[in-house]
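Visitor: Can you walk me through the pockets here? Short answers, please.

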Amino acid sequence: MSAINYTWLEQYARISRNAILNSVYAAPLASLRDAEQARDMLTTYNEHLRADSLQTAAVYFMHSVRGLLLGIHYLNAMCDKVLDISLDNIRLQLTLQDGYPAFHFQLLDDAEKAHPAPPVNDEHHSAVASTSTRQAMLTAYYGEQLRPLIEGVALAGGANTGQMWAQLASILRWFKTLAVQMEITDQEREAVIQGYEHVITMPPEVLGLRKNLLKFKPVEIDSPYQPGEKILMKSTCCLYYKVDGGQDYCYTCPKLSKAERQTRYEAIVASR
């Protein structure tokens, strides 16, 4: 396993060891388990997001929560040390980047800790023990950290928790696909795949749902950004069309008909 790449964490997960200057909102991430405090966050967020409702803002907040998901899977599978990215050890900060709101996760205690999974050697039982420990680490994070966060924000915005969890399905699969292509060790690559397979087959009760919505049937569509290649259709609508006074559906939105997607494809290709 490799050392923690803090540049990667900041770029992809927005997890940082440093405070962000000029934030327009800041609060302990753990406070969002409380619906009243989560509503305060959504109200401030939506002043800049300009979604049609706090319900939409709550679902759109999952664009930021996916940073925590990427963080736990990255640390779990690819690092020889881990960081405490629990709700109690993170300060949530909202900044404006070119007028657009963006959340960041500041670690309060950024000390690296020993990875809970035992190192793998040539003995089969060590590999089994390592995999089991990594799976337990993921199960605990999803059930004890992500679930109360999502439920608190959902209650505050009157949103459906299933719709919020479903927002994470595509990014989870994207990380698995990305990792397979990265220059990492076979051990790390296998750990990423095992972690993905584990969470999409977890009992739905871990997520507080009746069905595990992290698992979905992937649908590939033509990429207008790299003609000749394929990209993955989103597993569910992200509600972008309800943000900032009303936008178009994303090209990868499952709500688009084939004809609408083809029209959008041609427009994107023509504009490049």
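Visitor: Which elements each supply at least two residues to the lining of the largest pocket?
Guide: Helix H1 (6–13), helix H4 (62–78), strand E5 (100–107), helix H6 (161–181) and strand E8 (230–232) do. Helices (H or I, at least four residues) and strands (E, at least two) are DSSP runs, numbered from the N terminus. This is a predicted model: local features need pLDDT of at least 70, side-chain atom pairs count only at pLDDT 80 or more, and totals for chains, interfaces and linings use all residues. Residues are numbered from 1 along each chain as its sequence is written, and side-chain values use heavy atoms, without hydrogens and water.

Visitor: Which one gives the largest share?
Guide: H6, with nine residues.

Visitor: What counts as a pocket?
Guide: On a 1 Å grid over the protein atoms alone, where a 1.4 Å probe fits, a pocket is an open set with protein on both sides within 12 Å along at least five of seven lines. Lining residues have an atom within 4 Å of a point.

Visitor: How many residues line the largest one, and which lie nearest its centre?
Guide: It has 38 lining residues. Nearest the centre are Arg66, Ser170, Ile171, Trp174 and Lys234.

Visitor: Now the second largest pocket. Which residues are closest to its centre?
Guide: Ile72, Asp84, Ser86, Met137 and Tyr141, out of 13 that line the second largest pocket.

Visitor: Which elements give two or more residues there?
Guide: H4 and helix H5 (124–157). H5 gives the most, with five residues.
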